[in-house]
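User: I have a model open at the bench and want to go through it piece by piece. Keep the answers short, and show the reasoning.

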Amino acid sequence: MASKPNSLVSSLHFSYDRLNGFHIQDRHQAYKRCDPEELHALLIYDEEAAKYTKKGKLRKNPPRHTDPTHHFYSAQLTHYGLPSSTSKQAAKAALLEAYKSEEGLIVPPHILQCEATLRAQHRAKEAKLLEEEEERWRKQCEQEEKQRVKRKRQEDDLVAEIEEAAACKKKQKTDVKPLDIYKLAGSYIIVAPKVSEGWDCEGPLQLKLAPSSTAKHLWGTFNFGVFEGKMRSQSLDTPTKTNRTIRFYWRGRETGEGESTFGPENIAKFKFLPSGSFKGRMYWDSAGKFDIKGKLA
């Protein structure tokens with residue numbers, strides 16, 4: 001979903017944006033026009049008188065008052081079309097004099113017109129920016145959908161290839177040789193639809209296997225997009241022709257939140273095929289048991 005932009009338009013001393021509306025930008029501070037009555041209360045505030053109640057008694061906790069800065073009062077002079085001042089006291093005096101005048105403290109027509117013009121320009125600019133953002137979002141969604149379709153097609157082709165290899169193995173059982181774990185070593189392209197589609201993973205899932213120094217175990221590292229980790233096989237003392245399934249124990253972490261996952265239930269069982277591929281199941285607490293297939297890259 002496209003985010004709502006916050007654009008800025010300016011003219012002379014004035015600016016307009018969604019967060020502050022019509023204002024004067026001075027350094028890093030935005031000064032909006034203060035209501036005449038509120039401004040008058042600031043101008044006539046008597047800090048000494050505020051220490052006493054209406055009955056003339058001294059307050060135990062007099063109200064705290066922080067007088068605005070010179071920049072604030074200077075901005076109010078501009079908002080009400082009055083000449084600028086070189087000091088805070090002079091600015092306050094000029095505002096108070098204008099308030100007490102016959103016309104009172106009013107906003108000149110040309111400033112009201114400037115505000116209306118900037119508001120219209122801002123709305124037009126935000127509408128254009130929002131349209132551009134929505135177009136970028138639409139293109140991004142289209143690109144992601146193309147990538148998803150491409151990944152799904154590649155996964156389907158790989159699954160078909162592995163299933164074909166499994167079918168050939170059944171027909172040629174007598175030709176199957178015992179497992180050679182050195183031939184199992186390498187990088188595998190992984191297909192696990194429950195993971196890749198359920199979490200919309202980008203790019204192919206990957207697994208690397210390598211024999212231990214004693215050739216008694218297989219070690220593996222994997223990156224399945226949403227989670228990654230390491231695995232270690234059961235003992236491989238007696239590989240046979242008929243039992244080509246290897247059990248792995250693994251631990252890892254989620255790539256987003258970084259939460260670790262480990263325990264006796266983290267098991268993967270891979271049945272390796274003579275074609276350099278495997279098929280099996282794996283357990284992950286966020287997805288439960290899921291089918292997984294792989295082929296040497």
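User: How many residues lie between β7 and β8 in their hairpin, and which residue in the turn has a positive phi?

Analyst: A word first: this is a predicted model. β7 and β8 run antiparallel and are joined by 5 bridges. W219 stands opposite R232 in β8. The hairpin has 3 residues between the two strands, and the turn residue with a positive phi, about 80°, is G225.

User: Which residue in β7 is the bridge partner of L207?

Analyst: β6 and β7 pair in the antiparallel sense, over 6 bridges. Across that pairing, the partner of L207 is F222.

User: Which side chains of β7 point to the buried face?

Analyst: Side chains alternate along β7. W219, T221 and N223 point to one face and are not buried. The other face is buried, and it takes L218, G220 and F222.

User: Which residue in the hairpin of β6 and β7 takes a positive phi?

Analyst: This hairpin has 6 residues between its strands. The residue in question lies in the loop between β6 and β7. It is not a glycine, although its phi is positive at about 60°. The residue is A215.

User: Is H217 buried or exposed?

Analyst: H217 sits in the loop between β6 (205–211) and β7 (218–223). Its relative accessible area is 15%. The cut-off for buried is under 20%, so H217 falls below it. H217 is buried.

User: Which residue offers the backbone oxygen that the side chain of H217 reaches?

Analyst: Look at the surroundings of H217 beyond its neighbours within four places in sequence. Its contacts there include I181, A210, P211, R232 and L236. S233, Q234 and S235 are also among them. The side chain of H217 reaches a backbone oxygen at 3.5 Å, and that oxygen belongs to Q234.

User: Why is the pair of Y31 and F72 called edge-to-face?

Analyst: By the ring-pair rule the model has 16 aromatic pairs. In the pair of Y31 and F72, the ring centres are 6.4 Å apart. Planes over 60 degrees apart count as edge-to-face. The planes of Y31 and F72 meet at 65°, so the pair is edge-to-face.

User: How many residues apart in sequence are the parts that Y31 and F72 tie together?

Analyst: Y31 belongs to strand β4 (residues 29–32). F72 belongs to helix α2 (residues 70–79). Y31 and F72 are both buried. The pair ties together parts whose separation in sequence is 41 residues.

User: Which residue following α2 has a positive phi?

Analyst: Within α2, the buried residues are F72, Y73, A75, Q76, L77 and H79. The helix is followed by a residue with phi near 70°. That residue is G81.

User: Which are the edge strands of the open sheet with the order β1-β2-β3-β4?

Analyst: The sheet has 4 strands with antiparallel pairing. An edge strand pairs on one side only. Neighbouring strands here are turned by 40° against each other on average, direction ignored. The edge strands are β1 (8–11) and β4.

User: Which residue in β2 is the bridge partner of S10?

Analyst: β1 and strand β2 (residues 14–17) run antiparallel, joined by 4 bridges. The partner of S10 in β2 is S15.

User: Which residues form one aromatic cluster?

Analyst: F222 has already come up as the bridge partner of L207. F222 is also one of the cluster's residues. The full set is W199, F222, F224, F227, W250 and W284.

User: At what distance from the ring centre of F262 does R251 lie?

Analyst: R251 lies over the face of the F262 ring. The cut-off for a charge over a ring is within 6 Å of the ring centre. For R251 the distance is 4.9 Å.

User: Is P274 buried or exposed?

Analyst: P274 is in the loop between β11 (267–273) and β12 (277–284). Its relative accessibility is 52%. Over 50% counts as exposed. So P274 is exposed.

User: Which residues does E259 contact, leaving aside its neighbours within four places in sequence?

Analyst: E259 has its place in the loop between β9 (245–254) and β10 (260–261). Its C-alpha is separated by 26 Å from that of G294, which is 35 residues away along the chain. The contacts of E259 are G252, R253 and E254.

Note on methods. Residues are numbered from 1 along each chain as its sequence is written. Side-chain values use heavy atoms; hydrogens and water are left out. Rings of Phe, Tyr and Trp (its six-membered ring) pair if their centres lie within 6.5 Å; planes under 30 degrees apart count as stacked, over 60 as edge-to-face and the rest as tilted. Buried means under 20% relative accessible area, exposed over 50%, partly exposed in between (1.4 Å probe, protein chains only). A charge sits over a ring if NZ of Lys or CZ of Arg is within 6 Å of the ring centre and within 35 degrees of the ring normal. A polar contact is a pair of N or O atoms within 3.5 Å; within protein, one must be able to donate a hydrogen and the other to accept it, and residues adjacent in sequence count only if both atoms are side-chain atoms. Contact means heavy atoms within 4.5 Å. Two strands pair if DSSP finds at least two bridges between them. Axes are lines fitted to C-alpha atoms, for helices over the stretch in contact, and angles run from 0 to 180 degrees between N-to-C directions.
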